[in-house]
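Colleague: I have a few questions about how the labels for this structure are justified. Could you take me through them?

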Amino acid sequence: MAAGASRRFGRPKALLSLSERPEKTGQGRTLLDCAIGQGRLLSTDVRVVCGAWYPLVRFRCRAQPSRWVPVADWELGMAASLAAGIRSLGPSVKGVFVLVADQPLLDRQALKAFGDAARCFPRQPAAADYGRHPGVPAYLPRWLWPEVLTLEGDRGAGRILALANATRLDIPGVRDDIDTPEDWQRIRKAISQTSQQARQFPG
């Protein structure tokens, strides 16, 4: 999901560069490129729900999803984006994974394990464990969709997942989301340090 206006940034948050020196590396990977890669760990069908900055986001994104899902009423909040994503799916789909575009530090192995667990139990809701409540990444089985489609405003499916007794899984990195420029500076520094360590100690 990447439909928000990113008002605190004044530009599309989904297009923030993961590189501290994008002028030396070209455009480089963006937050949305990273999120699409995360989505591919869960499914071959990766859809990007977008709104405020579409079609600029589509034009600037290097990693192309299976489908772009524009949301005409994105200003109504997260509930409208969730509904648009769900309505874009076909009748044979058993469930949907929900990711957001601003969690670039999600642990890849934990994300894969999350996807495997959902496939083993396709009727069981699942979500990342935030301690007191479930949150994104999340898996919504089809039988929960009617409830999700009743949501309004800037509300996600957290309460629905809690009431449905969703399985909660530990996914390191879920708390490292980007809401402010300060968050972004901190997380981009962490990404840079991780990349340097990978180059120094490959494998």
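Modeller: Start with a cut-off: buried means under 20% relative accessible area. Keep in mind that this is a predicted model.

Colleague: What makes helix α2 mostly covered?

Modeller: Helix α2 spans residues 31-40, and 8 of its 10 residues are buried. Among them are Leu31, Leu32, Asp33 and Cys34. Ala35, Ile36, Gln38 and Gly39 are buried too.

Colleague: Why is Arg11 called partly exposed?

Modeller: Buried is under 20% and exposed is over 50%, with partly exposed in between. Arg11 has 44% relative accessibility, so Arg11 counts as partly exposed.

Colleague: Where is Arg11 found?

Modeller: Arg11 is in the segment before α1 (22-25). Its C-alpha atom is 8.3 Å from that of Trp53, and the two residues are 42 apart along the chain.

Colleague: What makes a set of residues a nonpolar core?

Modeller: The members are buried residues of certain kinds, Ala, Val and Leu among them, joined through side-chain atoms within 4.5 Å. The largest such core here has 18 residues. Leu140, Val148, Leu151, Ala157 and Leu161 touch the most other members.

Colleague: Which elements give two or more residues to this core?

Modeller: They are α4 (78-87), β3 (95-98), β5 (134-141), α6 (145-148) and α7 (158-163). The most comes from α4, with 3 residues.

Colleague: Which residues does Leu140 touch?

Modeller: Leaving out residues up to four places away in sequence, Leu140 touches Gly95, Val96, Val98, Trp145, Val148, Ala157 and Leu161. Another core, of 15 residues, lies apart from the largest one. Leu99, Ala126, Ile171 and Val174 are among its members.

Colleague: Now the sheet. Why do β3 and β6 count as edges?

Modeller: The sheet is open, with 4 strands in the order β3-β5-β4-β6 and mixed pairing. β3 and β6 (167-169) each have a single partner strand, so one side of each has no neighbour in the sheet. The twist averages 20° from one strand to the next.

Colleague: How do you know that β4 and β6 pair?

Modeller: Pairing needs at least two bridges. β4 (residues 126-129) and β6 have 3 bridges, in the parallel sense. Ala128 stands opposite Leu169 in β6.

Colleague: What makes you say that helix α5 packs on the sheet?

Modeller: Contact means heavy atoms within 4.5 Å. Helix α5 (residues 108-120) touches β3, β4, β5 and β6. The direction of α5 makes about 30° with that of β5.

Terms used: Residues numbered from 1 in each chain as written. Predicted model: local features only at pLDDT ≥ 70, side-chain atom pairs only at ≥ 80, totals over all residues. Heavy atoms only, no water. Buried < 20%, exposed > 50% of the residue type's maximum accessible area, 1.4 Å probe, protein only. Axes fitted to C-alpha atoms, helices over the stretch in contact; angles between N-to-C directions.
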